[in-house]
Amino acid sequence: MNSQPEFLFLAIGVSSVLIWLFIVIGRTGDEKRVTPLIGAAIVLIVAGLFFRDLRWLGYSLIAAGLVLMGFAALRRRPK
C-alpha cells in the first residue's frame with residue numbers, strides 16, 4: 001500500500017492547525033518572534049514528513065512537533 005496520500009493529508013492537516021494557532025496567537029497585537037520551542041517543533045514536523053518511509057519514525061516526529069507547538073501556543077497566549 002502506498003502511504004503518500006496519507007502523508008499528504010497529514011501534512012495538510014498539520015499545516016492548517018499550525019496556521020490556525022498562529023492566527024489565534026497573533027491577535028494580541030504585540031511583536032511575535034519565533035522562539036526556540038517553535039523552531040524545534042517546526043523542525044520535528046518537517047523531519048517527520050521526510051521520514052515517510054519509516055512510518056513509525058515519521059509519525060512520532062510529527063506528533064512530537066505538534067506537542068511542542070501546543071506547549072508553545074499555551075505559553076504565548078495572553079493571560
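**Helix packing and burial in a three-helix chain**

Residue A63 is placed in helix α3, in a model that is predicted. With a relative accessible area of 40%, A63 is partly exposed, because its value falls between the 20% limit for burial and the 50% limit for exposure. Between A63 and L44 the separation in sequence is 19 residues, while their C-alpha atoms stand 8.5 Å apart in space. Helix α3 also holds V67, for which a relative accessible area of 46% was computed, so that V67 too is classed as partly exposed. The C-alpha atoms of V67 and A41 are 7.9 Å apart, although 26 residues separate the two in sequence.

The secondary structure of the chain consists of 3 helices and 0 strands, and the order of elements from the N terminus is accordingly α-α-α. Confidence varies among these elements, with the lowest mean pLDDT, 72, found for α1 and the highest, 86, for α3. Over the chain, the average pLDDT is 76, and a score of at least 70 is reached by 77% of the residues.

Helix α3 contains 22 residues and extends 31 Å from its first C-alpha to its last, a span close to the 32 Å expected at 1.5 Å a residue. Its buried residues are G58, L61, I62, G65, M69, A72, A73 and R76. These residues lie on the same side of α3, because the arc that they cover around the axis is only 110°. On the face of α3 turned away from this buried side, the exposed residues W56 and R75 are found.

A corresponding description can be given for helix α2, in which 15 residues reach 21 Å from the first C-alpha to the last, close to the expected 21 Å at 1.5 Å a residue. The buried residues here are I38, A41, I45 and G48. Because they cover an arc of only 90° around the axis, they are placed on the same side of α2. The face of α2 turned away from its buried side carries P36, V43 and F50, which are exposed.

The largest nonpolar core comprises 10 residues, namely V14, L18, L21, I38, A41, I45, I62, M69, A72 and A73. At least two residues of this core are supplied by each of α1 (4-25), α2 (36-50) and α3 (55-76), and the largest share, 4 residues, is contributed by α3. In soluble globular proteins, nonpolar side chains tend to be buried together. Within this core, V14 offers a local view of the packing: once neighbours within four places in sequence are set aside, V14 is in contact with I45, I62 and L66. Of these partners, I45 is listed among the buried residues of α2, and I62 among those of α3.

At the level of the chain, buried residues constitute 24% of the 79 residues. Among contacts with a separation of 6 or more, 69% are formed by residues 24 or more positions apart. The chain exposes about 5,700 Å², of which 70% is supplied by carbon and sulfur atoms.

Terms used:
Residues numbered from 1 in each chain as written. Predicted model: local features only at pLDDT ≥ 70, side-chain atom pairs only at ≥ 80, totals over all residues. Heavy atoms only, no water. Core = buried A, V, L, I, M, F, W, Y, C linked by side-chain atoms within 4.5 Å. Buried < 20%, exposed > 50% of the residue type's maximum accessible area, 1.4 Å probe, protein only. Contact = heavy atoms within 4.5 Å. Expected span 1.5 Å × (residues − 1). Arc of directions from axis to C-beta. Areas by Shrake-Rupley, 256 points an atom, 1.4 Å probe, with all protein chains shown as cover. pLDDT = per-residue confidence, 0-100.
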